[in-house]
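I pulled up this model to see how it is put together. These are my notes, in the order I looked things up.

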Amino acid sequence: YQRRVRGAITSLPMPPYSFEDKRAKLVEVFTLIDANQDGFLDRSELKDAFKSDLRAQACIEECDTNADGKVSLNEWIVALLRAMAEEGDLDDEEFDQRIEVFKLMVTGVLDE
């Protein structure tokens, strides 16, 4: 009986990610990029992460809503969720793939 119940539970589909689940994953990437851990992403940190000054500048232009020249955690989350929403509804697997691409860009290591 326990084997059947355990098997049934593990085969149930996982509920979709909540906003908090997605936020936590975006915070993880932000923290990887925020090399000096000051709570902001500056051009230098973004350039190091994206390996491109043009991409770093584009990120600042897209995310930096208060025009202070750096990206706060809130600006990062809002901009990335908005950009992903504009691409259409991403399922959780596609969202995870995007997160893994960010991590790979920053760390050079792919999670398994």
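**Salt bridges between helices**

I started with Arg-82, which is partly exposed at a relative accessible area of 33%; partly exposed is the range between buried (under 20% relative accessible area) and exposed (over 50%), using a 1.4 Å probe and protein chains only. Its partner Glu-62 also counts as partly exposed, at 46% relative accessibility. The two side chains meet in a salt bridge, 3.3 Å from N to O; I call it a salt bridge when a side-chain nitrogen of Lys or Arg is within 4 Å of a carboxyl oxygen of Asp or Glu. Arg-82 sits in helix α5 and Glu-62 in helix α4, so this pair ties together parts 20 residues apart in sequence.

Before going on, I noted the ground rules. This is a predicted model, where local features need pLDDT of at least 70 and side-chain atom pairs count only at pLDDT 80 or more, while totals for chains, interfaces and linings use all residues. Numbering starts from 1 along each chain as its sequence is written, and side-chain values use heavy atoms, with hydrogens and water left out.

How many salt bridges does the structure hold? I found five. One of them joins Arg-43 and Asp-53, with the closest N and O atoms 2.8 Å apart. Arg-43 is in helix α3 and Asp-53 in helix α4, so the pair ties parts that are 10 residues apart in sequence. Arg-43 is partly exposed at 34%, and Asp-53 is partly exposed at 32%.

Glu-28 and Lys-103 form another, at 3.1 Å between the closest N and O atoms. This pair links distant parts of the chain, with Glu-28 in helix α2 and Lys-103 in helix α6, 75 residues apart. Glu-28 is partly exposed at 38%, whereas Lys-103 counts as buried at 7%. Glu-100 joins these two in a network of salt bridges.

**Overall layout and confidence**

I counted six helices and two strands; these are DSSP runs numbered from the N terminus, helices being H or I of at least four residues and strands E of at least two. From the N terminus the order is α-α-β-α-α-β-α-α. Of the 112 residues in the chain, 27% are buried. Among contacts between residues at least 6 apart in sequence, 51% join residues at least 24 apart; contact here means heavy atoms within 4.5 Å.

Mean pLDDT for the chain is 83, and 83% of its residues reach 70 or more; pLDDT is the predictor's confidence in each residue, from 0 to 100. Where does pLDDT stay under 50? I noted residues 1–9, and the model has zero contacts for them beyond four places in sequence.

**The core and α3**

Next I looked inside. The largest nonpolar core has 23 residues, and those touching the most other members are Leu-26, Ile-33, Leu-41, Leu-46, Phe-50, Val-71 and Trp-76. A nonpolar core is a set of buried Ala, Val, Leu, Ile, Met, Phe, Trp, Tyr and Cys residues joined through side-chain atoms within 4.5 Å. Two or more residues each come from α2, α3 (43–50), α4 (53–63), α5 (73–86) and α6 (92–107). α5 gives the largest share, five residues.

In α3 I find Glu-45, Leu-46, Ala-49 and Phe-50 buried. Down the helix axis they fall within an arc of 115 degrees, so they line one face of α3; the arc is taken from the directions from the helix axis to the C-beta atoms. Their cover includes α2, β1, α4, β2 (71–72), α5 and α6. Beyond its neighbours within four places in sequence, Phe-50 contacts Arg-55, Ala-56, Cys-59, Trp-76, Phe-102 and Met-105.

**Two buried acids**

Which opposite charge is nearest to Asp-34? I get Lys-70, 9.9 Å away, and Asp-34 is buried with no salt bridge. Lys and Arg count as positive, Asp and Glu as negative, with His and the chain ends not counted. Asp-34 is in the loop between α2 (19–33) and β1 (40–41). Leaving aside neighbours within four places, Asp-34 contacts Gly-39, Phe-40, Leu-41 and Glu-45.

Glu-75, in helix α5, is likewise buried without a salt bridge, and the nearest side chain of opposite charge is Lys-70 at 8.8 Å. Not counting residues up to four places away, Glu-75 touches Cys-63, Asp-64, Thr-65, Asn-66 and Lys-70.
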